[in-house]
Amino acid sequence: MRNPQLNTNGELTHLLSIEGLPREVIIHILDTASSFLKVSAREVKKVPLLRGKSVFNVFFENSTRTRTTFEIAAKRLSADVINLDVTRSSTAKGETLLDTVDNLVAMHADMFVVRHAASGAPHLIAEHLRRLGKDSVHVINAGDGRHAHPTQGLLDMYTIRHYKKDFSHLVVAVVGDILHSRVARSDLHALLTLGVAEVRVIGPQTLLPTAVAAMGVRVCHDLATGLRDCDVVIMLRLQNERMNGALLPSAHEYFSCYGLTPQVLALARPDAIVMHPGPMNRGVEIDSDVADGPQAVILPQVTFGIAVRMAVMGILTGN
Amino acid sequence: MPAIELPDAEAQCTELADLIRPHLRPDTVLVGIHSGGAWVAGRLRHLLDLPGEIGLLDVSFYRDDYGERGLHPRVKPSSIPFDVEGRPLILVDDVLFTGRTTRAAINGLFDYGRPAVVQLAVLADRGQRQLPISADFCPWRVQLDPTQELILSTGDDGHLRWSIADHA
């Protein structure tokens, strides 16, 4: 089957999911990101790579932070950025997703950064553009439903590589609501593609996908057991809306079983790093002493995220 | 075109250093363009006995052929470990050809500040310029067919060597 993310030359033309990305493509993005990281540290935080290009941030689901980081990334590449809050405009008036896309293509969009509550929406747009013959228009998935959040997965890999250098000896744990998390799915695919020694998923039965072990990860329901000798701990945000259903008794009980405290973190390796995609719920999935502690790399993740998104935009637009 | 004899690149670095030496100022710094220019700049720093670090510039983000050729597959981080504001800079590259790389490098440099002077030092000038750019220091001018690519590389022994690839 044709890989919808690659063009006929095998080059990355859309970023829809980490799943199915060749290892060398991931490494290339991470390597390129390290060059862009230096750009953000300069007095003039801009390069002219995407001068004259129009990047449309099309967010069918609210997310101020992710949208802002994409906007900063595009602006540091000198692109013109247009933010569309479609939840409050065209979609509310009844326009279909593809009609919205057609209108933006008619405005000579060069790139769509798409967030949508429905899994597969960015793929639908990419296929639509292919049928239109608009090969020079690129799509980046900025999070679709429970499916994927590939730039978050890539920036997490960048962070791990920055602190740990080599993936092959690492034990990495992903903790929390794996079931509903597109971040978790992108991280798991990336970690497995990059060949870490062991990937663990830790969470209550109700928040783990039933067949997750089939991916080749170790499943733990006990936080203390799961964290033992870990090099990297990736905490996931517990979405408040999950509290209302039957999946969890209460935020307090969740914290007592799965909250990352200094005591339980002490079971991981002494040089273990703690990551979180944000926004954090202090006192729900992570204790403030950990979030503000020396092992947390949560704010560097944000800085790396800009460089990774610049790299993705730079590579896609050139292909 | 008959095969031309390729000179010793290491000896040319010494010649280039000799050309630059009378024009050095106390605060002159070198900036090498990845990757060939970076090697040459490293040689010059040693030959000219310059105290500070050299700058390294990857011009991939400033190239004008990005639209046609995309992003270079091996972009290296640029590193300018000094304040360029008001400094005399010597930009170093291996080959001067169309001048487009030099143009991109000058654009890149100015995003770090406003240097006092920028001069250009290259090992080889093969003509066929497409921009109003010329080298200030150059030990070797050579005529090549446009389909020929002049390549500087380092062998296992770390020695700089010229080779020619024919893309005809």
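Modeller: One cut-off before we start: a residue is buried if 20 or more other C-beta atoms lie within 10 Å of its own, exposed if 12 or fewer, and partly exposed in between. Keep in mind, too, that this is a predicted model.

Biologist: Okay, let me try that cut-off. Does B:Gln128 count as buried, exposed or partly exposed?

Modeller: B:Gln128 sits in the loop between β4 (117–125) and β5 (148–154) of chain B. Its phi is positive, near 55°, and it isn't a glycine. Its C-beta neighbours inside 10 Å number 13, so B:Gln128 counts as partly exposed.

Biologist: And in chain A, which residue in the loop between α2 and β2 (80–84) has a positive phi without being a glycine?

Modeller: Most residues other than glycine have a negative phi. The residue you want has a phi of about 70°. It is partly exposed, because 15 other C-beta atoms lie within 10 Å. It belongs to the loop between α2 and β2 of chain A, and it is A:Ser78.

Biologist: What about peptide bonds? Which two residues of chain B are joined by a cis one?

Modeller: Most peptide bonds are trans. In chain B, the second residue of the cis pair lies in the loop between β1 (29–33) and α2 (36–47). Omega there is about -10°, and the pair is B:His34 and B:Ser35.

Biologist: Chain A has a cis bond from A:Gly278 to A:Pro279. Where is A:Pro279 found?

Modeller: Omega of that bond is near -10°. Following chain A along, A:Pro279 is found in the loop between β9 and α10 (288–291).

Biologist: Let's zoom out. What radius of gyration does chain A have?

Modeller: Along its principal axes, the C-alpha trace of chain A spans about 55 × 40 × 40 Å. A compact globule of 319 residues would come out near 20 Å, so chain A agrees with that, at 19 Å.

Biologist: How many helices and strands does chain A have, and what percentage of its residues count as buried?

Modeller: The secondary structure of chain A comes to eleven helices and nine strands. Take contacts between residues at least 6 apart in sequence: 79% of them join residues at least 24 apart. As for burial, the share of the 319 residues of chain A is 47%.

Biologist: How far apart are the C-alpha centres of domain 1 and domain 2 of chain A?

Modeller: Domain 1 covers 23–149 + 303–318, while domain 2 covers 150–302. The distance between their C-alpha centres is 26 Å.

Biologist: Which element gives the largest share of the side of domain 1 that touches domain 2 in chain A?

Modeller: That contact takes 22 residues from domain 1 and 25 residues from domain 2 of chain A. On the domain 1 side, α1, β4 (138–144) and α11 each give two or more residues. The largest share is six residues, and it comes from α11(A).

Biologist: Now the two chains. Which element gives the largest share of the side of chain A that touches chain B?

Modeller: Here 15 residues of chain A meet 14 residues of chain B. On the chain A side, α1 (23–40) and α11 (298–318) give two or more residues. That side divides into five nonpolar, seven polar and three charged residues. The largest share, five residues, comes from α1(A).

Biologist: What span should helix α5 of chain A have?

Modeller: α5(A) is mostly covered, with eleven of its 15 residues buried. Those buried residues pack against α1, β4, α6 (182–194), β8 (232–235), β9 (273–275) and α11 of chain A. At 1.5 Å a residue, the expected span agrees with the distance between its end C-alpha atoms, so the answer is 21 Å.

Biologist: Last one: which residues have the most contacts inside the largest nonpolar core?

Modeller: In soluble globular proteins, nonpolar side chains tend to be buried together. α11(A) gives the largest share of this core, ten residues, and each domain of chain A supplies at least three. B:Val31, for one, touches residues including B:Ala41, B:Ile54 and B:Leu109. The core has 144 residues, and those with the most contacts inside it are A:Val175, A:Val233 and B:Val31.

Technical notes
Residues numbered from 1 in each chain as written. Chains lettered and ligands numbered in written order. Predicted model: local features only at pLDDT ≥ 70, side-chain atom pairs only at ≥ 80, totals over all residues. Contact = placed C-beta atoms within 7 Å. Helix = DSSP H or I, 4+ residues; strand = E, 2+ residues; numbered from the N terminus. Nonpolar A, V, L, I, M, F, W, Y, C, P; charged D, E, K, R; others polar. Domains from an automatic or database assignment. Rg over C-alpha atoms; globule rule 2.2 N^0.38 Å. Expected span 1.5 Å × (residues − 1). Core = buried A, V, L, I, M, F, W, Y, C linked by C-beta atoms within 7 Å. Lists of a residue's contacts leave out its neighbours within four places in sequence.
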